[in-house]
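Here is a walk through one model, starting from a single loop residue and working outwards to the helices around it. Keep the viewer open and follow along.

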Amino acid sequence: ETSSRQQSKSTSMPDLHSRQSPLARRRGPSRKRFNDFLERQLDDKWQHRRDLARLQKDLRIVNDNDQDLLLQGAHGVQGFKKMMQQRFGTLTAAWRVGLDADGNGKVSFGELRRCCLAIGYSGNF
């Protein structure tokens with residue numbers, strides 16, 4: 001039973017008994033304990049956990065790529081305008097609420113910089 005179990009796992013599990021593995025250099029009772037440990041650990045749940053970890057990694061990559069695409073359009077004047085409209089609704093609201101924080105009708109470089117950092121604009125300003 002053990003050999004058939006090992007054969008079925010050989011395609012999907014890492015080969016920890018290969019000569020390259022430092023764990024394979026164990027000898028005597030420690031090697032037997034290690035092999036017993038592997039038998040307990042490398043079961044069907046192991047494959048499920050590995051598949052789940054890969055799925056989570058793929059989803060994280062897709063999510064990161066989606067976030068990057070959202071920010072890629074925010075470069076240049078048109079990207080800045082689009083981002084301001086998405087954040088504040090209209091450019092007028094963006095001016096009043098986001099850009100002209102002190103309400104004097106002018107936007108200093110400091111106000112512009114603070115607003116850009118606050119909304120996550122990563123383009124050249």
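## A buried acid in a loop

Asp100 sits in the loop between α5 and α6. Bear in mind that this is a predicted model. Is Asp100 buried or exposed? Asp100 is buried, because its relative accessible area is 6%, and the cut-off for buried is under 20%.

What does Asp100 touch, leaving out residues up to four places away in sequence? The partners are Trp95, Gly105, Lys106, Val107 and Glu111. For Glu111, the C-alpha atom lies 6.9 Å from that of Asp100, with the two positions 11 residues apart along the chain.

## The helices on either side

Take α5 to begin with, which spans residues 91–99. Ala94, Gly98 and Leu99 are buried there. They are on the same side of α5, because they cover an arc of only 70° around the axis. Flip to the other side of α5 and you find Arg96 and Val97 exposed.

Now for α6, where the buried residues are Glu111, Cys115, Cys116 and Ile119. They fall within an arc of 130° seen down the axis, so they line one face of α6. The general background is that an α-helix has 3.6 residues a turn, so residues three or four places apart point the same way. On the other side of α6, Phe109, Arg114 and Leu117 are exposed. Just after α6, Gly120 takes a positive phi of about 85°.

Here are the two helices next to each other:

| Helix | Residues | Arc of buried residues | Buried residues pack against |
|---|---|---|---|
| α5 | 91–99 | 70° | α4 and α6 |
| α6 | 109–119 | 130° | α4 and α5 |

## Where they meet

Which residues make up the largest nonpolar core? It has 9 residues in all: Phe80, Met83, Met84, Ala94, Leu99, Cys115, Cys116, Ile119 and Tyr121. At least two residues of this core come from each of α4, α5 and α6.

Met84 is a handy residue to click on here. Setting aside residues up to four places away in sequence, Met84 touches Gly89, Leu91, Ala94, Leu99, Cys115 and Ile119. Among these, Ala94 and Leu99 are buried residues of α5, while Cys115 and Ile119 are buried residues of α6.

## Charges and rings

How many salt bridges are there? The count comes to 1, and it joins the side chains of Asp36 and Lys32 at 3.1 Å, N to O. The two residues are about one helical turn apart, because they are separated by 4 residues in helix α2 (residues 28–41). Asp36 counts as partly exposed at 33% relative accessibility, whereas Lys32 counts as exposed at 53%.

As for rings, the count of aromatic pairs is 0. There is a charge over a ring, though: Arg87 lies over the face of Phe88, 5.9 Å from the ring centre.

## Zooming out

The protein chain has 6 helices and 0 strands, so to speak an α-α-α-α-α-α run from the N terminus on. Of its 125 residues, 19% are buried. Among contacts with a separation of 6 or more, 44% are between residues 24 or more positions apart.

How values were computed
Residues are numbered from 1 along each chain as its sequence is written. This is a predicted model: local features need pLDDT of at least 70, side-chain atom pairs count only at pLDDT 80 or more; totals for chains, interfaces and linings use all residues. Side-chain values use heavy atoms; hydrogens and water are left out. A salt bridge is a side-chain nitrogen of Lys or Arg within 4 Å of a carboxyl oxygen of Asp or Glu. Buried means under 20% relative accessible area, exposed over 50%, partly exposed in between (1.4 Å probe, protein chains only). Rings of Phe, Tyr and Trp (its six-membered ring) pair if their centres lie within 6.5 Å; planes under 30 degrees apart count as stacked, over 60 as edge-to-face and the rest as tilted. A charge sits over a ring if NZ of Lys or CZ of Arg is within 6 Å of the ring centre and within 35 degrees of the ring normal. The arc is that of the directions from the helix axis to the C-beta atoms. Contact means heavy atoms within 4.5 Å. A nonpolar core is a set of buried Ala, Val, Leu, Ile, Met, Phe, Trp, Tyr and Cys residues joined through side-chain atoms within 4.5 Å.
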